Amino acid sequence: METNLHNQYVFKALEAYPWELEKAIEALNYALAYEPENVKALHLMAKVHYEQLGDNETAKTYFEKALASRMDIPDIYPEYIRLLIINDDYKEAQKLIDFAKTVKGIDKAGIALTQGQLHESMTLFEEAEKVLKDAKQLALNNDFISCVDDILSRVKKKRKIQAKENRITENQSKKEVEIESKTWFQNRLNSFL
């Protein structure tokens, strides 16, 4: 009986989220009261804290509880990885991506997309482009491919900007070295005079 009752609350929460947050949270609280380790309820509670309340640390706790309860639920990984990226927890995100690749039934294209987003966040644009192209190859629908194409376009623009900034910085550094050398040389000449 309890299993059915807590499932009803999870379904109510899923139906209410994100349009009726009060109902969703109430149903989640009931579901978690009946079964504190319910993966779907923990996952949705993490999303509420992450997407609606902006409370990333509490969201991380719920994601961790969900994964501790069952690590074989592939839906959790992409959202948790994105949270870690937004939270600048890059090492954790990479470890989770590496593990997620081993989970049976995982959306490989989605995980490749998160890998690309991680590289983009770390301003590793060439690596991001490569992984995003891999994500397109793994994709199973056209909407996903269109989304990745948009992200690829953005990453390419960022890479060009970064290359331009690097050239400007290199030129400024060369000029600064030349000015310092000339100044040093003039100071040495003046000391002899």
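**Two helix pairs in a predicted model**

The axes of helix 7 (residues 108-121) and helix 8 (residues 125-138) come within 8 Å and cross at roughly 165 degrees. The model is predicted.

Reader: Why is helix 7 called roughly antiparallel to helix 8?
Author: The angle between the two axes is roughly 165 degrees. Angles over 145 degrees count as roughly antiparallel, so helix 7 is roughly antiparallel to helix 8.

Reader: Which residues make the contact of helix 7 with helix 8?
Author: From helix 7 come K108, A109, A112, L113, Q115, G116, H119 and E120, which meet F125, E127, A128, V131, L132, A135 and L138 in helix 8. By class, this contact has nine nonpolar, three polar and three charged residues.

Reader: What makes G116 polar in that count?
Author: The classes place Gly among the polar residues, and G116 is one of the helix 7 residues in the contact.

Reader: How do you know that helix 3 and helix 5 are roughly parallel?
Author: The axes of helix 3 (residues 39-52) and helix 5 (residues 76-86) cross at roughly 30 degrees and come within 11 Å. Angles under 35 degrees count as roughly parallel, and helix 3 and helix 5 are therefore given that description.

Reader: Is the crossing of helix 3 with helix 5 left-handed or right-handed?
Author: Helix 3 passes helix 5 in a left-handed crossing. By class, their contact has five nonpolar, one polar and three charged residues.

Reader: Which residues of helix 3 meet helix 5?
Author: V39, H43, K47 and Y50 do, and their partners in helix 5 are I76, E79, R82, L83 and I86.

Definitions and conventions
Residues are numbered from 1 along each chain as its sequence is written. This is a predicted model: local features need pLDDT of at least 70, side-chain atom pairs count only at pLDDT 80 or more; totals for chains, interfaces and linings use all residues. Side-chain values use heavy atoms; hydrogens and water are left out. Axes are lines fitted to C-alpha atoms, for helices over the stretch in contact, and angles run from 0 to 180 degrees between N-to-C directions. Helices (H or I, at least four residues) and strands (E, at least two) are DSSP runs, numbered from the N terminus. Angles under 35 degrees count as roughly parallel, over 145 as roughly antiparallel, 65 to 115 as roughly perpendicular and the rest as oblique. A crossing is left-handed if the near helix is turned anticlockwise from the far one by less than a right angle, and right-handed if clockwise. Contact means heavy atoms within 4.5 Å.
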